[in-house]
Amino acid sequence: MKVAAEILLRLGVVVERREIVNRWQDYSWRAIAVIPNAPETEGWKPLHSGENWVQYHARTLNLELFKRETQGYKVNLSMPTPSVFVVLRPGEENGEEEVEPCLLTVCPYEAESYVESGDEIVDGVPMPPELMALLHDFVETHHIEQPFKKRKNKKAYDPSRGD
């Protein structure tokens with residue numbers, strides 16, 4: 001069952017392609033920023049370039065906020081630099097872009113699950129101030145502190161229980 005998002009935001013994803021010296025790979029790819037209220041883009045739009053690098057507005061994605069993830073949002077906001085985590089998946093084999101932005105999250109626990117899979121690239125980019133303020137208000141409104149409950153360790157065999 002898919003839970004509906006409480007808040008839905010549109011963010012443009014800025015991806016950098018940098019030439020590297022590697023026998024198996026010509027470029028490295030990484031997300032470097034998000035753009036609040038970015039327009040849709042038809043294909044990758046070059047933004048800036050230098051001698052060995054190009055930055056693109058690669059895609060505009062939804063960032064969804066959920067009440068059940070407020071603990072993760074609190075952790076993110078308490079970090080020295082709160083982040084938006086961008087998940088990049090391998091792109092088309094024959095296409096120009098070797099990666100494709102596929103997900104945005106501000107929950108570090110969700111981002112960690114994508115890192116563990118090993119198939120995706122997950123980059124944390126600085127959270128824009130207006131998003132930080134909105135996320136702080138969302139947590140203040142929806143977070144319910146859950147008391148810690150220590151579970152009792154049940155032994156496999158306990159003669160006093162009559163097992």
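Contact here means heavy atoms within 4.5 Å, and the legends below apply that meaning to a predicted model.

**View 1. The whole protein chain, with its order of helices and strands.** Among contacts in the protein chain between residues at least 6 apart in sequence, 65% join residues that are at least 24 apart. The protein chain holds 3 helices and 7 strands, and along the sequence these elements follow the pattern β-β-β-β-α-β-β-α-β-α. Of its 163 residues, 33% count as buried, while the chain exposes about 11,200 Å², of which carbon and sulfur atoms supply 49%.

**View 2. An open sheet of 4 strands with antiparallel pairing.** The strands lie in the order 2-1-4-3, with strand 2 (27-36) and strand 3 (45-49) as the edge strands, each of which pairs on one side only. On average, and with direction ignored, neighbouring strands of this sheet are turned by 35 degrees against each other. Strands of a sheet pair through backbone hydrogen bonds, either parallel or antiparallel.

**View 3. The antiparallel pairing of strand 3 with strand 4, and the helix that packs on the sheet.** Strand 3 is joined to strand 4 (residues 53-65) by 4 bridges, and the two strands run antiparallel. At K45, the bridge partner in strand 4 is H57. Helix 3 (residues 129-142) packs on the sheet, where it touches strand 1 (7-19), strand 2 and strand 4; the direction of helix 3 makes about 140 degrees with that of strand 1.

**View 4. The salt bridge between E40 and R10.** A search of the whole structure finds 6 salt bridges, and in this view the side chains of E40 and R10 meet in a salt bridge with an N to O distance of 1.8 Å. E40 lies in the loop between strand 2 and strand 3, whereas R10 lies in strand 1, so the pair ties together parts that are 30 residues apart in sequence. E40 has a relative accessible area of 56% and is therefore exposed, because exposed means over 50%. R10, at 29% relative accessibility, counts as partly exposed.

**View 5. The salt bridge between R68 and E69.** The closest N and O atoms of R68 and E69 are 3.5 Å apart. Is each partner buried or exposed? R68 counts as exposed, at 55% relative accessibility, whereas E69 counts as buried, at 15% relative accessibility, because buried means under 20% relative accessible area.

**View 6. The salt bridge between R89 and E120.** In this pair the closest N and O atoms are 3.1 Å apart. The pair links distant parts of the chain, with R89 in strand 5 (residues 83-90) and E120 in the loop between helix 2 (108-117) and strand 7 (121-126), 31 residues apart. R89 counts as partly exposed at 37% relative accessibility, while E120 is buried, with a relative accessible area of 16%.

**View 7. A salt-bridge network of E16, R18 and R30.** Here E16, R18 and R30 are joined into one network by salt bridges that share partners.

How values were computed:
Residues are numbered from 1 along each chain as its sequence is written. This is a predicted model: local features need pLDDT of at least 70, side-chain atom pairs count only at pLDDT 80 or more; totals for chains, interfaces and linings use all residues. Side-chain values use heavy atoms; hydrogens and water are left out. Two strands pair if DSSP finds at least two bridges between them. Axes are lines fitted to C-alpha atoms, for helices over the stretch in contact, and angles run from 0 to 180 degrees between N-to-C directions. Buried means under 20% relative accessible area, exposed over 50%, partly exposed in between (1.4 Å probe, protein chains only). Accessible areas come from the Shrake-Rupley method with a 1.4 Å probe; for residues, only the protein chains shown count as cover. A salt bridge is a side-chain nitrogen of Lys or Arg within 4 Å of a carboxyl oxygen of Asp or Glu.
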